[in-house]
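Visitor: I should like to learn how statements about a protein chain are justified. May we look at one together?
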Amino acid sequence: MKIIKEEKGYITSIILLILLIPVLLLMIIIIEEYSEDTNTTIRNIESEKIKTKTEDFENEIITISKETLHNVTLDVITRKKALTNSRTYLKKIIQEKINEKQKKYGAENIIINTEVKQIESSNDPFKIEINYIITSTANNSNIKIRKENKKLIEITDTKYPVYDPLPTLKIGATIKNNQINFQDKLAEYIESENNTAYTNAKTSIIIKKCPYSDYIQHGNNNQTITNCLHNHYYHNSHDGLCLLCRLENKTSCNHYGIETFILPTLEYDKAPASIDHVLLNDNNNQYDGNKIKINNKTILYLDNGHKTKYGL
Ligand SMILES: [Zn+2]
Ligand SMILES: [Zn+2]
């Protein structure tokens, strides 16, 4: 009888053990799945962090580029010396600043490597194009991001004003309080008749985009054109030079460029046209325009092309 009892207990233990096996197996599977989930979550957090930091850094690239355009144009008008190759020069300075900034991210465990491929004029003359390759990862991570990207850099951000180098480079005009007073220099530079129309002419040196984007509206009322002239706004122009070629003191360029009015100080029936790339052209390409009276104090000389463009 005792033996049978013991056997019974033995059998019960075996049955219990057999029943426990699937429970244990199930637990192992659940634990493994849980830890795999945790690993995926960690990987996701890590990859999200690298992604966000990379985007942050790409915004830094834009700021660095704007700052560089501000500094370089200011330096050029201060030293009155043109750049031999504005594109490679800007590329070098921007790359140096990026390298510096990358070190700071490195201290926060994010390793970023950017190679600036190209700085070029864009289809919008108020923007410069930057091309780069960026790779990023974190210390001890096997997640790596690589992006080849292109960004457009605004040259009209008031936080980083960009200066027009052309008046200074062409005729050595001096700048005071962000304004140029040409004194006799512009009149002497112009080779055609009635050049004295520009004696003591003044102009701004910061590139500001004209808000009247439908240019023909300049002629709609006196207030529009007066406001444009008063603020020395710049406009899109096929004949005007782009910023990068202005930095090289070129006379013409193949890119889509910008132009601004230069206000005359003396009244004639006709005189050289009051457009910067006409007056500051050094290939005997300055041409005349007819007088247009804006108000008692303000006149412009414009050729037919520009007259039509601005609806004046
Ligand atoms: Zn305008
Ligand atoms: Zn150009």
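Visitor: Which residue just after α2 takes a positive phi?
Guide: The model is a predicted one. In this model Asn109 takes a positive phi, of about 80°, just after α2.

Visitor: How do you know that helix α2 reaches close to the span expected of it?
Guide: Helix α2 covers residues 86-107, which is 22 residues. The expected span is 1.5 Å times one less than the number of residues. For α2 this rule gives 32 Å, and the helix reaches 33 Å from its first C-alpha to its last. The two values are therefore close.

Visitor: Which residues of α2 are called buried, and what makes them so?
Guide: They are Ser86, Leu90, Lys91, Ile93, Ile94 and Ile98. Each is called buried because 20 or more other C-beta atoms lie within 10 Å of its own. In the chain as a whole, buried residues make up 32% of the 312 residues.

Visitor: What is the radius of gyration of the chain, and how does one judge it against a compact globule?
Guide: The chain has a radius of gyration of 34 Å, whereas a compact globule of 312 residues would have one near 20 Å. The globule value comes from a rule, 2.2 Å times the number of residues to the power 0.38. The chain does not match that value. Its C-alpha trace spans about 135 × 40 × 30 Å along the principal axes.

Visitor: Why are β1 and β3 called edge strands?
Guide: The open sheet has three strands in the order β1-β2-β3, with antiparallel pairing. Strands β1 (110-121) and β3 (144-154) each pair on one side only, and they are therefore the edge strands. Neighbouring strands of this sheet are turned by 20° against each other on average, direction ignored.

Visitor: What makes β1 and β2 a pair?
Guide: Two strands pair if at least two bridges are found between them. Eleven bridges join β1 to β2 (residues 127-138), so the condition is met. The two strands run antiparallel, and Ser121 stands opposite Ile128 in β2.

Visitor: How do you know that β11 and β12 pair?
Guide: Four bridges join β11 (residues 288-293) to β12, and at least two are required, so these strands pair as well. They run antiparallel, and a hairpin joins them through five residues. Lys293 stands opposite Ile299 in β12.

Visitor: Which way do the residues of β12 point?
Guide: Ile299 and Tyr301 point one way from β12, and Leu300 and Leu302 point the other way. All four are buried.

Definitions and conventions:
Residues numbered from 1 in each chain as written. Chains lettered and ligands numbered in written order. Predicted model: local features only at pLDDT ≥ 70, side-chain atom pairs only at ≥ 80, totals over all residues. Buried ≥ 20, exposed ≤ 12 C-beta atoms within 10 Å, placed from the backbone. Axes fitted to C-alpha atoms, helices over the stretch in contact; angles between N-to-C directions.
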